[in-house]
Amino acid sequence: MRVILLLGINFLRTQWIALAVMTAYIASIGGVFRSHVHPADVLFFLRWHAGYAVFLATMMAIPALQMERKTRRILAVLSKGIHRWQYIGGLLCGCAMAAGLFCLMVGGIAAWLCQQGGIAAHGLATVTLALFSICVAAAATALFFATFLHPLLAAAATSVVLALPFAIEAAGRKPLWELFPVARMFHFLLAFELRAPGIEVWEIAALALGQVAVFWTAAALVFARRDVTISPE
């Protein structure tokens with residue numbers, strides 16, 4: 001785990017521009033919302049930026065492997081005796097750190113807005129934790145497709161997998177939400193009203209962690225058979 005953590009920290013350092021922009025944006029938008037705080041505003045802020053959090057996690061994960069191969073950094077790292085599953089885990093850990101920072105800021109500003117408006121923020125901490133878990137699940141899904149697809153195709157495949165339940169629902173059928181924790185979280189947020197969320201949000205978090213384990217394992221198995229000595233086109 002120490003190796004994965006160090007790889008994750010190093011990957012996170014390469015994303016400092018995205019992190020700086022992200023921090024500046026979330027701080028400024030929080031100031032905008034502060035001028036007119038109502039429960040509906042807080043919920044809109046939370047729902048809207050939940051989508052941003054998932055987008056951030058996937059967009060960091062998708063091009064990560066290609067950039068590492070272009071810079072040849074991947075060869076230097078693997079030559080030090082680091083296993084490929086650890087390398088994939090390090091990239092996932094870095095994406096999780098970035099997503100965790102963003103989710104922490106979203107949850108913190110949402111709680112601050114509630115305080116400014118005298119609104120009870122019941123369940124906000126639990127929802128923020130679940131949001132973080134689905135971000136990691138989305139990043140793991142994106143990283144899996146990025147191991148064998150071009151980033152553009154990986155982005156398309158990831159989008160299809162994450163949004164599939166909504167397409168099924170739009171077709172008049174009931175999706176099996178248990179298999180799609182990311183989509184289920186957004187389904188949950190649409191009905192969330194700053195009240196105690198109950199056990200459902202914990203189920204979503206647990207299912208998301210299960211998705212992380214499945215896609216991390218799958219990504220490691222695929223990546224173990226990939227030739228990393230050839231520069232991507």
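**Notebook: E68, helix α6, a pocket and L43**

I first looked up the surroundings of E68; beyond the residues up to four places away in sequence, E68 touches R73, I74, Y87 and L91. I note at the outset that the model is predicted.

**Entry 1: E68.** I located E68 in helix α4, which covers residues 64-70. I then asked whether E68 is buried or exposed. The relative accessibility of E68 is 8%, and because buried means under 20%, E68 counts as buried. I next checked which side chain makes a polar contact with the side chain of E68. That partner is the side chain of Y87, at 2.4 Å. Y87 also appears in the list of residues that E68 touches.

**Entry 2: confidence.** I recorded an average pLDDT of 87 for the protein chain, with 97% of the residues scoring at least 70. I compared the elements of the chain by mean pLDDT: the lowest value, 79, belongs to helix α5 (residues 73-78), and the highest, 95, to helix α7 (residues 124-146). I keep in mind a general caution: where pLDDT is low, predicted coordinates should not be read in detail.

**Entry 3: helix α6.** I examined helix α6, which runs over residues 84-117 and holds 34 residues. I took its span from the first C-alpha to the last and obtained 49 Å, close to the 50 Å expected at 1.5 Å a residue. I then inspected the residue just after α6: G118 adopts a positive phi of about 65 degrees.

**Entry 4: the second largest pocket.** I noted about 210 Å³ of space in the second largest pocket. Its lining consists of 13 residues, and those closest to the centre are V54, T158, S159, L162 and A163. I asked which helices each supply at least two residues of this lining. They are α3 (39-61), α8 (151-170) and α9 (181-191). The largest share comes from α8, with six residues.

**Entry 5: L43.** I turned to L43, which is placed in helix α3, one of the helices that supply the pocket lining. The relative accessible area of L43 is 5%, so I entered L43 as buried. Leaving aside neighbours within four places in sequence, I found L43 in contact with F192, E193 and L194. I also looked up how L43 stands to L78: the two are 35 residues apart in sequence, and their C-alpha atoms lie 45 Å apart in space.

Technical notes: Residues numbered from 1 in each chain as written. Predicted model: local features only at pLDDT ≥ 70, side-chain atom pairs only at ≥ 80, totals over all residues. Heavy atoms only, no water. pLDDT = per-residue confidence, 0-100. Helix = DSSP H or I, 4+ residues; strand = E, 2+ residues; numbered from the N terminus. Expected span 1.5 Å × (residues − 1). Buried < 20%, exposed > 50% of the residue type's maximum accessible area, 1.4 Å probe, protein only. Polar contact = N/O pair within 3.5 Å; in protein donor to acceptor, adjacent residues only side chain to side chain. Contact = heavy atoms within 4.5 Å. 1 Å grid on protein atoms, 1.4 Å probe; cavity = no way out; pocket = protein on both sides within 12 Å on 5 of 7 lines; lining within 4 Å. Points joined across faces, edges and corners; volume = space filled by probe spheres on them.
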